Number of protein chains: 2
Amino acid sequence: MIRNLTEQDKEHLQEALVKSGQKVTPQREAVFTVLLAERDHPTVDEVFHRAREVMPGLSLATVYNCLETFVGCGLVRQVNHERESTRYCPNLAPHAHFRDKETGQVHDIELPAEVMKSLRSILPPGFDSEVIEISFHGRAQAKESHSN
Amino acid sequence: MIRNLTEQDKEHLQEALVKSGQKVTPQREAVFTVLLAERDHPTVDEVFHRAREVMPGLSLATVYNCLETFVGCGLVRQVNHERESTRYCPNLAPHAHFRDKETGQVHDIELPAEVMKSLRSILPPGFDSEVIEISFHGRAQAKESHSN
DNA sequence: TTGCGGATTAGACTCATTCTAACTGATTAG
DNA sequence: CTAATCAGTTAGAATGAGTCTAATCCGCAA
């Protein structure tokens, strides 16, 4: 179920951590592995339980710490929807999120550069945005999860 | 500071409430008045304190109730940013939000129909969205609040 | 070996929000 | 009139995601 990190993923993790002056630890590897294994935008709690299967002693606080670290060094993105628990997403390409009203599932929606551009263009002069978050809320036809 | 509702606003409130089978109460009027008086996207707590100046016995629970009611009948919109307290906004026109990194202030950004359309068009078939939320995060040049 | 510093841990804590149960006050039914 | 009903309000308790704290662990350098 939770396969190990590929060499490539391992390097990716190591590079990002070291670049921001932090260490690769077994806990961080475990959490990162979980994130890549099932790209279903898990909550902290879900990550915690999945990672525990592989590393039983892991604490919740550490999962919070790891995820914060990953966000800090650009390895994953936070996804917030209304006031629900924060979810985490290892997809780094610019994309929007679609939240299914019925199932609560979150899907990534590709965001073409030209749409990004037109969005940026609606900002009045003087407004300088680094982050744009776009989220849709509605119904999605049954669609299998694309765990790539 | 907090002036009374205009006749027009009063009718607006009454119509929306009655249409969804609910009553106009002094508390609801007070909360609505506060929302219209200063359109700075206040948190529940801010609404609470402002409304207390006018109606000292008002309880926090009621403010939560009123705001929920207003959202339910389309009088106001919730604005969430990351996991911060929910803010409320009486601007009903479709618009995005810009959150100033430094001050925490939230500004409305007009959302042209054509941008809305291009956004809707990026949804793959099978995805049907009712709500689109767009929020920018960055720095804004000094700009006075437009309390209209 | 000792000391240092980052990482991890369990558990206490915070705080926005929700829930609960009692109360109020207007309206309706007898 | 009097009681029953019912939406709305209220204070305070409960919830739960997230944060903080203080102790410990562990790899590395002096």
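Two exercises follow, on the DNA surface and on the pairing of chains A and B.

This is a predicted model, in which local features need pLDDT of at least 70, side-chain atom pairs count only at pLDDT 80 or more, and totals for chains, interfaces and linings use all residues. Residues are numbered from 1 along each chain as its sequence is written, chains are lettered from A and ligands numbered from 1 in written order, and side-chain values use heavy atoms, without hydrogens and water.

**Exercise 1. Describe how the protein meets DNA strand C**.

Step 1. Find the residues near the strand (a heavy atom within 4 Å of it). There are 16 around DNA strand C, and Thr25(A), Ser59(A), Thr62(A), Tyr64(B) and Thr86(B) come nearest.

Step 2. Sort them. Four are nonpolar, nine polar and three charged. Here Ala, Val, Leu, Ile, Met, Phe, Trp, Tyr, Cys and Pro count as nonpolar, Asp, Glu, Lys and Arg as charged, and the others, Gly among them, as polar.

Step 3. Check the DNA side. Of the strand C atoms within 4 Å of the protein, 85% belong to sugar or phosphate. The rest belong to bases.

Step 4. List polar contacts (N or O atoms within 3.5 Å) to phosphate oxygens. A polar side-chain atom of Thr62(A) lies 2.4 Å from one. For a side-chain N or O atom of Arg83(A), the distance is 3.2 Å. Ser59(A) uses a polar backbone atom, at 3.3 Å.

**Exercise 2. Which relation links chain B to chain A?**

Step 1. Superpose chain B on chain A by least squares on C-alpha atoms of residues with pLDDT of at least 70 in both. A rotation of 180° with 0.0 Å of shift along its axis does it, at RMSD 0.0 Å.

Step 2. Name it. That is the relation of a two-fold axis.

Step 3. Locate the axis. In chain B, the C-alpha of Ile134(B) is nearest, 2.3 Å away.

Methods
A polar contact is a pair of N or O atoms within 3.5 Å; within protein, one must be able to donate a hydrogen and the other to accept it, and residues adjacent in sequence count only if both atoms are side-chain atoms.
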